[in-house]
Number of protein chains: 2
Amino acid sequence: MANTRLEILKKYYKKNRRLPSYSEMLKLFNLSSKNSVFKIVNKWIDENFLKKINGKLSPTSKFFALPLLGNIKAGFPILAEENKNYLTLDDYLIEDPSTSFLLKVSGDSMTGVGIFEGDIVIVEKKKIPTIGDIVLAQIDREWTLKIFKKDRKKHTNYLEAANPKYPPLYPLQELQIYGVVKAVIRKFN
Amino acid sequence: MANTRLEILKKYYKKNRRLPSYSEMLKLFNLSSKNSVFKIVNKWIDENFLKKINGKLSPTSKFFALPLLGNIKAGFPILAEENKNYLTLDDYLIEDPSTSFLLKVSGDSMTGVGIFEGDIVIVEKKKIPTIGDIVLAQIDREWTLKIFKKDRKKHTNYLEAANPKYPPLYPLQELQIYGVVKAVIRKFN
DNA sequence: CTTGACAGTGAACAAATGTTTACTATATAA
DNA sequence: TTATATAGTAAACATTTGTTCACTGTCAAG
């Protein structure tokens, strides 16, 4: 299989977080001429798995991307090579690593929007929230994860749970927004 | 700030998916002696942001990791430098990239386990499921995402929705498992 | 005032890198 | 059969790489 070497390369990258040098690929692919590697790499560049910017080799997003399959309800063979889209998880989830952090969720106040106890939430710091955003906030010195809302009559912002059993939270003194929830992830097992 | 350069480096890596060479860092950091870079890099190695394996530089997981903060209910300042854990999303979510793919979910049959319409699910191919796993399966030629169950009395496997409004699915002819759901992700906005 | 740590410069260099050119073997298609 | 594309080898080489050594200026602590 022609793909096998690419798989080896991907595994190498996954493990070492960098591409191997040509000499390293030599060993990796069990070849004995650097020129073989040179040709193979050039083919991958043509196929857009790798690219070269002023002589420096780096992987493209195609290199990392996982196939993203569509609608599961439609009866046709979704695993076919067609109708494939690709997605790189890290790029998809994290816009700005320097202002993002993860937060392990506790409590059941956000079950209505599918955020459960134990889920991990990606929070982007310091963003001014839009009405309706899920925010990490400190309301009267109490930390919480809620929906950011505006009361038009009272001209104040308040927080709302996504679970009918919790009442809306109006700040007595202070409502401070620390970040906006960009995504949730949940791992099974 | 001493961290600024590390931020620059992280951005470079995020963009180019590789570390810059020392000469490239020279420009990146606005320095004029390679030896300066050499020393800076060595400090980062000491601090475990980078590492060197037979002379080859690569980032550690600390380099990528986002801070993972704990229990939000507990009233103390969770954004403090302490009680920090770190997590690398890609590593956390994807064990084997070569057998994993993503699937955009449609339908409301799995809302009970917090999988909603539009969510993206990470599926690992060809795994033999454990009872209770969420599986991507073909039941009587129909594709679906359900919970894998075993009927002890009838000695057959069947599929169960995570939504009371859908009945359990017993295969008339064939139940074929294509993969196991390892994680869900949902992006807001 | 001095000492030492810290941050940076500059030059020199062996080793490794990516690239080029020329050649071989094998299989496939005309 | 004869081409011709594909996959690989081998050697040679300029360029770039990471590293070492010697040096300068600055700032804070003793």
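Hi everyone, let's start at DNA strand C: 16 residues surround this strand, and Ser23(A), Lys52(A), Ser32(B), Ser33(B) and Lys39(B) come nearest. By "near" I mean that a residue has a heavy atom within 4 Å of the strand. A quick word on the basis: this is a predicted model, where local features need pLDDT of at least 70, side-chain atom pairs count only at pLDDT 80 or more, and totals for chains, interfaces and linings use all residues. Residues are numbered from 1 along each chain as written, chains are lettered from A and ligands numbered from 1 in written order, and side-chain values use heavy atoms, without hydrogens and water.

So what does the protein touch? Of the strand C atoms within 4 Å of the protein, 53% belong to sugar or phosphate and the rest to bases. On the phosphate side, a phosphate oxygen lies 2.6 Å from a side-chain N or O atom of Ser23(A), and a phosphate oxygen lies 2.5 Å from one of Ser32(B). Asn35(B) reaches a base instead: a polar side-chain atom sits 2.8 Å from a base oxygen.

Which helix gives the largest share of this surface? That is α3(B), with four residues. Helices here are DSSP runs of H or I with at least four residues, strands are E runs of at least two, and both are numbered from the N terminus.

By class, the surface near strand C has three nonpolar, seven polar and six charged residues. Here Ala, Val, Leu, Ile, Met, Phe, Trp, Tyr, Cys and Pro count as nonpolar, Asp, Glu, Lys and Arg as charged, and the others, Gly among them, as polar. Thanks for listening!

Note on methods
Polar contact = N/O pair within 3.5 Å; in protein donor to acceptor, adjacent residues only side chain to side chain.
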